Amino acid sequence: PYMPITRMNHAVLYVRDTRRTQRFYADVLGFSTVIEDAAGAYVFMRAPASANHHDIAFFSVGVDAEASRAGHHSVGMYHLAWEVPTLHELQEMRERLSAAGALVGASDHGANKSLYAKDPDGLEFEVMWLVPPEHWGEAEHQAIIDPLDIDAEIAHFAEIGLR
């Protein structure tokens, strides 16, 4: 027998400088610090609307650490995805990520609408809005990567009574 997994609880990443990453996650994404090492060796952070103790932790490996080669020359994680509750918040996040120089892409995946960004170490993450399952249709079983037009999505979902 297996013990059922209910959801992902947190991620832990190695970064060059936890304080720099901590500022980015706080200033751009609104995360709060739960625990931090006075010497900067680690920091644990919680997303703004999270009920978790922490959603992400960072451990410093030094400013001279090489960039991640995952996906290019080695195996490794591609990205983490953070969910926002509405398309309006996704639109606001697009503005915040863009202003921080972190936004690198935006895609309509059918079942979710996604922004892609990179943190100060170049580690990619996603901020996405999940379309309510009753509106997935055939998109549930398709790998869709179309350009994202958040304004058009807001208008479309407003027509059917969703924000």
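**Figure 1. Phenylalanine 24 and its ring partner in the predicted model.** In this predicted model, phenylalanine 24 has a relative accessibility of 10% and therefore counts as buried, the limit being under 20%. Phenylalanine 125 also counts as buried, because its relative accessibility is 1%. The structure holds 10 aromatic pairs, and the rings of phenylalanine 24 and phenylalanine 125 make an edge-to-face pair, because their centres lie 6.0 Å apart and their planes stand at 70°, where over 60 degrees is the requirement for that class. This pair links distant parts of the chain, since phenylalanine 24 belongs to helix H1 (residues 18-29) and phenylalanine 125 to strand E8 (residues 124-130), 101 residues apart.

**Figure 2. Tyrosine 25 and the cluster of rings.** Tyrosine 25 and phenylalanine 58 form a tilted aromatic pair, with 4.9 Å from centre to centre and 55° between the planes. Here too distant parts of the chain are linked, with tyrosine 25 in helix H1 and phenylalanine 58 in strand E4 (residues 56-60), 33 residues apart. Both tyrosine 25 and phenylalanine 58 are buried. Ring pairs join Phe24, Tyr25, Phe31, Phe58, Trp82 and Phe125 into a cluster.

**Figure 3. Glutamine 22 in helix H1.** Glutamine 22 has its place in helix H1, and it counts as buried because its relative accessibility is 12%. Leaving aside residues up to four places away in sequence, glutamine 22 touches Thr33, Glu36, Val43 and Met45.

**Figure 4. The largest nonpolar core and leucine 97.** The largest nonpolar core has 31 residues, and those with the most contacts inside it are Tyr25, Leu29, Ile56, Leu90, Leu97 and Phe125. Of these, leucine 97 touches Val28, Leu29, Ala102, Leu103, Leu115, Ala117, Phe125 and Val127, when residues up to four places away in sequence are not counted.

**Figure 5. The buried side of helix H3.** Within helix H3 (residues 150-159), Ile150, Glu153, Ile154 and Phe157 are buried. These residues lie on the same side of H3, because they cover an arc of only 100° around the axis. An α-helix has 3.6 residues a turn, so residues three or four places apart point the same way. The buried residues of H3 pack against helix H2 (87-99), strand E6 (103-108), strand E7 (112-118) and E8. At the N-terminal end, H3 is capped by aspartate 149, which has a side-chain oxygen 3.3 Å from the backbone nitrogen of aspartate 151. Just after H3, glycine 161 takes a positive phi of about 85°.

**Figure 6. Strand E1 and its pairing with E4.** In a regular strand the side chains alternate between the two faces of the sheet. Along strand E1 (residues 11-15), Ala11, Leu13 and Val15 point to one face and are buried, whereas Val12 and Tyr14 point to the other face and are not buried. E1 pairs with E4 in the parallel sense over five bridges, and tyrosine 14 stands opposite phenylalanine 59 of E4.

**Figure 7. An open sheet of five strands.** Five strands form an open sheet with mixed pairing, in the order E5-E8-E7-E6-E9. Strand E5 (80-83) and strand E9 (146-147) stand at the edges and have a single partner strand each, so one side of each is left without a neighbour in the sheet. E5 and E8 run parallel and are joined by four bridges; the bridge partner of leucine 80 in E8 is phenylalanine 125, the residue whose ring pairs edge-to-face with that of phenylalanine 24.

Terms used:
Residues numbered from 1 in each chain as written. Predicted model: local features only at pLDDT ≥ 70, side-chain atom pairs only at ≥ 80, totals over all residues. Heavy atoms only, no water. Phe/Tyr/Trp six-rings, centres within 6.5 Å; stacked < 30°, edge-to-face > 60°. Helix = DSSP H or I, 4+ residues; strand = E, 2+ residues; numbered from the N terminus. Buried < 20%, exposed > 50% of the residue type's maximum accessible area, 1.4 Å probe, protein only. Arc of directions from axis to C-beta. Contact = heavy atoms within 4.5 Å. Polar contact = N/O pair within 3.5 Å; in protein donor to acceptor, adjacent residues only side chain to side chain. Pairing = 2+ DSSP bridges. Core = buried A, V, L, I, M, F, W, Y, C linked by side-chain atoms within 4.5 Å.
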